[in-house]
Amino acid sequence: MKENILKLAALVLTSLVLHLRADSAQNPIIHADVPDMAMIRVDDTYYMSSTTMHMSPHVPIMKSKDLVNWQLIGYACDTLGDNDALTLQNGKNAYGAGSWASSLRYHDGVFYVTMSSSTTGKTYVCRTKDIEKGPWTVNSFSPSLHDNSLVFDDDGRVYMVNSGGDIRLTELTADVTGIKPDGFNQVIITNAGAVAGPNVGLNAEGSQMRKINGKYYLFNITWPRGGMRTVIIHRADNITGPYEGRVGLMDKGVAQGGLIDTPQGDWYAYLFQDHGAVGRIPYLVPVKWEDGWPVLGENGKVPDNLNLPASKGLIPGIVASDEFDRRPGDPALPLVWQWNHNPDNKVWSVTQRPGFLRMTTGRVDTDFVSARNTLTQRTFGPECSGATAIDISNLKDGDFAGLGLLQKNYGLVGVKSDGGTNFIVMVSAASSSLAEVERVPLTQTNVFLKAECDFKNRADKAHFFYSLDGKSWNPIGSQLKMSYTLPHFMGYRFGLFNFATKAPGGYADFDYFRVADKIQ
């Protein structure tokens, strides 16, 4: 009898644990490419900025009430400029560059987002009184202060912590429009990564600074050779130093970020992990305070489960379907969309044919990654699919329109117009050479296309499909082995495209784009 009672108690306890896990947050918090996060809390609302580099508009802003479920609410900056690299012209591009890690602050009723750009050689300061509705004003100055963290000190002085390896403190003007002449501008920590050991691979970078209980806490990332991405923390009583440092976390390669507290007094570190082809994905790590130091993790480990509300999924807060139906007053494109580099706004429309996205070719291009006006949004894990329907009646000879998975080693499914005949084709750039893997003649003017991504256990596999009726799907081409490459420095993205290889002026009409968190 006693043995049966114990078994019953064990079953009840197991059931309660499983229920708790099902109703609580899981790491990763967002299984999609949201790297270099900066985060603040204003009353009971959290705001987060992130990096999307060569995408336009720049620096997505998200909000949450629980640190787990996030919703895109805007962008800090439409464009960094109009040079050849940002507009994919004259053989130049901004892949892996554009805007880099941002800082997010709220001070005296104003929200600030700052970031640097190696593409323009400038530092950008974006500000608004209404982070959810804008408008944003943007000013910039030289040089580019790498991975900067904006600090409003208690004495009214303003700084940016910046640079890599040797961490520098640069004083700004009181109005945050430039570097203060004759202001403080010195290295405050020499070889910051040395606290993780002498065998430094990646120098310390990714600064995020906060002042807590009178002390300055600086988070950085470093990467010892033969090791993993590592969180390092320095603290000081004065912003100019001296600083003492230690390793904050070395587990699962989860690193780079800072600290956030809840209204209830709980603390977390927001960090990310390199997670293969899906990109760099956010984690939350519980923090306790001991002897004035933030102690990250549970016994130094990143937990799978968190004492926070469960995720409701990334649809539609981070990714979303789009039927391209627009009511009066609607924005032309929902926030989930970003262009690959600066778009040419003269050659796309959601009004020329109501209910459709019309993409017209404005110039001649040689391939997918050099073509302008690819409209993108994130892929996401553990698995996902994206599907579209296209009217290709008005393609010109040499045009290629369809659905892609964008990275250096990309894959495409689409319709090519070749010598008066249309073909459904699958193209792969997964190997060292671009290859058209398969082509199927197309005799009708409408076609349905789909790409499926499997990121489970870092499988990083994609398959492409077409349909003639939107119901029965046919595989085409070969499996795409997706890989995260540094030239693009970004997780794979779904992309709608149409580019000309012979003469501009043809167009394709996209009826919808639909995402799902399951694959066949």
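Leu67 is buried, with a relative accessible area of just 1%. This residue is a handy way into the structure, which is a predicted model. Leu67 has a phi near 75°, a positive value in a residue other than glycine, and it helps line the largest cavity. From there the briefing moves to the cavities, the nonpolar cores, the aromatic pairs and a few backbone oddities.

**Leu67 and the backbone around it**

- You'll find Leu67 in the loop between strand S5 (58–64) and strand S6 (71–77).
- Most residues other than glycine have a negative phi, and most peptide bonds are trans.
- Asn90 is another residue with a positive phi, about 55°, although it is not a glycine.
- Asn90 sits in the loop between S6 and strand S7 (103–107).
- Is Asn90 buried or exposed? With a relative accessible area of 67%, Asn90 is over the 50% cut-off, so it counts as exposed.

**Cis peptide bonds**

- Gly134 and Pro135 are joined by a cis peptide bond, with omega at about 0°.
- Pro135 belongs to the loop between strand S9 (122–128) and strand S10 (137–141).
- Gly381 and Pro382 are also joined by a cis peptide bond, and here omega is about 5°.
- Pro382 is placed in the loop between S27 and strand S28 (383–391).

**Cavities**

- How many cavities of 30 Å³ or more are there? The count comes to two.
- The largest cavity has a volume of about 40 Å³.
- Its lining is made up of Ile29, Ile30, Met37, Met39, Met48, Leu67, Trp70, Pro282, Tyr283 and Leu284.
- By class, that lining has ten nonpolar residues, no polar ones and no charged ones.
- Strand S21 (residues 280–290) supplies the largest share of the lining of the largest cavity, three residues.
- The second largest cavity holds about 30 Å³ of space.
- Around the second largest cavity you'll find Ile29, Ile30, Val68, Asn69, Trp70, Ser311, Gly313, Leu314 and Ile318.
- The lining of the second largest cavity splits into six nonpolar, three polar and no charged residues.
- Ile29, Ile30 and Trp70 appear in the linings of both cavities.

**Nonpolar cores**

- In soluble globular proteins, nonpolar side chains tend to be buried together.
- Which members of the largest nonpolar core touch the most other members? Out of 90 residues, the answer is Trp70, Leu296 and Leu405.
- Strand S20 (residues 267–274) gives the most to this core, with six residues.
- Apart from this core lies another one of 20 residues, with Ala38, Leu80, Leu104 and Met115 among them.
- Leaving aside neighbours within four places in sequence, Trp70 is in contact with Ile29, Ile30, Met39, Tyr46, Tyr47, Met48, Met62, Lys63, Ser64, Gly317 and Ile318.

**Aromatic pairs**

- A pair of aromatic rings is described by the distance of the centres and the angle of the planes.
- The model has 15 aromatic pairs.
- One of these is Tyr106 with Phe111, a tilted pair at 4.4 Å centre to centre and 40° between the planes.
- Tyr106 counts as partly exposed, at 39% relative accessibility, whereas Phe111 is buried, with a relative accessible area of 6%.
- Another pair, Phe368 with Phe497, is edge-to-face, at 5.2 Å centre to centre and 65° between the planes.
- Phe368 lies in the loop between strand S26 (357–360) and strand S27 (375–378), while Phe497 lies in strand S36 (residues 493–500), so this pair ties together parts that are 129 residues apart in sequence.
- Both Phe368 and Phe497 are buried.
- Phe368, Phe400, Tyr410, Phe497 and Phe499 are linked into a cluster by ring pairs.

**Ala516**

- Ala516 falls in strand S37 (residues 507–516).
- With a relative accessible area of 29%, Ala516 is partly exposed.
- Not counting neighbours within four places in sequence, Ala516 is in contact with Ile315, Phe380, Glu383, Cys384 and Ser385.
- How far apart are the C-alpha atoms of Ala516 and Asp344? They are separated by 29 Å, and the two residues are 172 residues apart along the chain.

Methods: Residues numbered from 1 in each chain as written. Predicted model: local features only at pLDDT ≥ 70, side-chain atom pairs only at ≥ 80, totals over all residues. Heavy atoms only, no water. 1 Å grid on protein atoms, 1.4 Å probe; cavity = no way out; pocket = protein on both sides within 12 Å on 5 of 7 lines; lining within 4 Å. Points joined across faces, edges and corners; volume = space filled by probe spheres on them. Helix = DSSP H or I, 4+ residues; strand = E, 2+ residues; numbered from the N terminus. Nonpolar A, V, L, I, M, F, W, Y, C, P; charged D, E, K, R; others polar. Core = buried A, V, L, I, M, F, W, Y, C linked by side-chain atoms within 4.5 Å. Buried < 20%, exposed > 50% of the residue type's maximum accessible area, 1.4 Å probe, protein only. Contact = heavy atoms within 4.5 Å. Phe/Tyr/Trp six-rings, centres within 6.5 Å; stacked < 30°, edge-to-face > 60°.
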